[in-house]
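Here are some comments for a colleague who will be looking at this model alongside its sequence. Please read them with the coordinates open.

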Amino acid sequence: MIGRTATIRIIPGLNPGSFLYLITYVENGQNAGRSVVRADQIDSWKADLVANGWTIDDLTVQGGEA
C-alpha cells in the first residue's frame, strides 16, 4: 500500500481578491478526486483528513507540510 495524500493549493475565488482551496486526493498512486473548500472551512477539512489517515501536502505553507 502506497498510502493516501491530500494536496492543498490556493485557487482564485469568484470575487476579486478572494480565494478558495483546492484539495486533490491520491490514493495508492491513483487520482481519487478533488474538493473545493472555502477559507473558513479549511482547518476543519485538514483535521478530518488527518483523522481519517490522509497525509497532508499543504502547498499553501512554506515547506509543504501541514
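The points below take up the nonpolar core and then two individual residues.

1. The model is predicted, and the remarks that follow should be read with that in mind. Its largest nonpolar core has 10 residues, namely Ala6, Ile8, Tyr21, Ile23, Tyr25, Val37, Ile42, Leu49, Trp54 and Ile56. At least two residues of this core come from each of strand E1 (4-12), strand E2 (19-27) and helix H1 (42-51), and E2 supplies the largest share, 3 residues. In soluble globular proteins, nonpolar side chains tend to be buried together.

2. Within this core, Ile42 deserves a look of its own: leaving aside neighbours within four places in sequence, Ile42 is in contact with Ile8, Tyr21, Ile23 and Val37.

3. Thr24 is also found in strand E2, and Thr24 counts as partly exposed because its relative accessibility is 23%, between the limits of 20% and 50%. Beyond its neighbours within four places in sequence, Thr24 is in contact with Thr5, Ala6, Thr7, Arg9, Gly33 and Arg34; with Arg9, a polar contact of 3.4 Å joins the two side chains. The C-alpha atoms of Thr24 and Ala47, which are 23 residues apart along the chain, are separated by 16 Å.

4. Asp58 lies in strand E4 (residues 55-58), and its relative accessibility of 1% is under 20%, so Asp58 counts as buried. The side chain of Asp58 makes polar contacts with the side chain of Lys46, at 2.6 Å, and with the side chain of Thr60, at 2.3 Å.

Terms used: Residues numbered from 1 in each chain as written. Predicted model: local features only at pLDDT ≥ 70, side-chain atom pairs only at ≥ 80, totals over all residues. Heavy atoms only, no water. Core = buried A, V, L, I, M, F, W, Y, C linked by side-chain atoms within 4.5 Å. Buried < 20%, exposed > 50% of the residue type's maximum accessible area, 1.4 Å probe, protein only. Helix = DSSP H or I, 4+ residues; strand = E, 2+ residues; numbered from the N terminus. Contact = heavy atoms within 4.5 Å. Polar contact = N/O pair within 3.5 Å; in protein donor to acceptor, adjacent residues only side chain to side chain.
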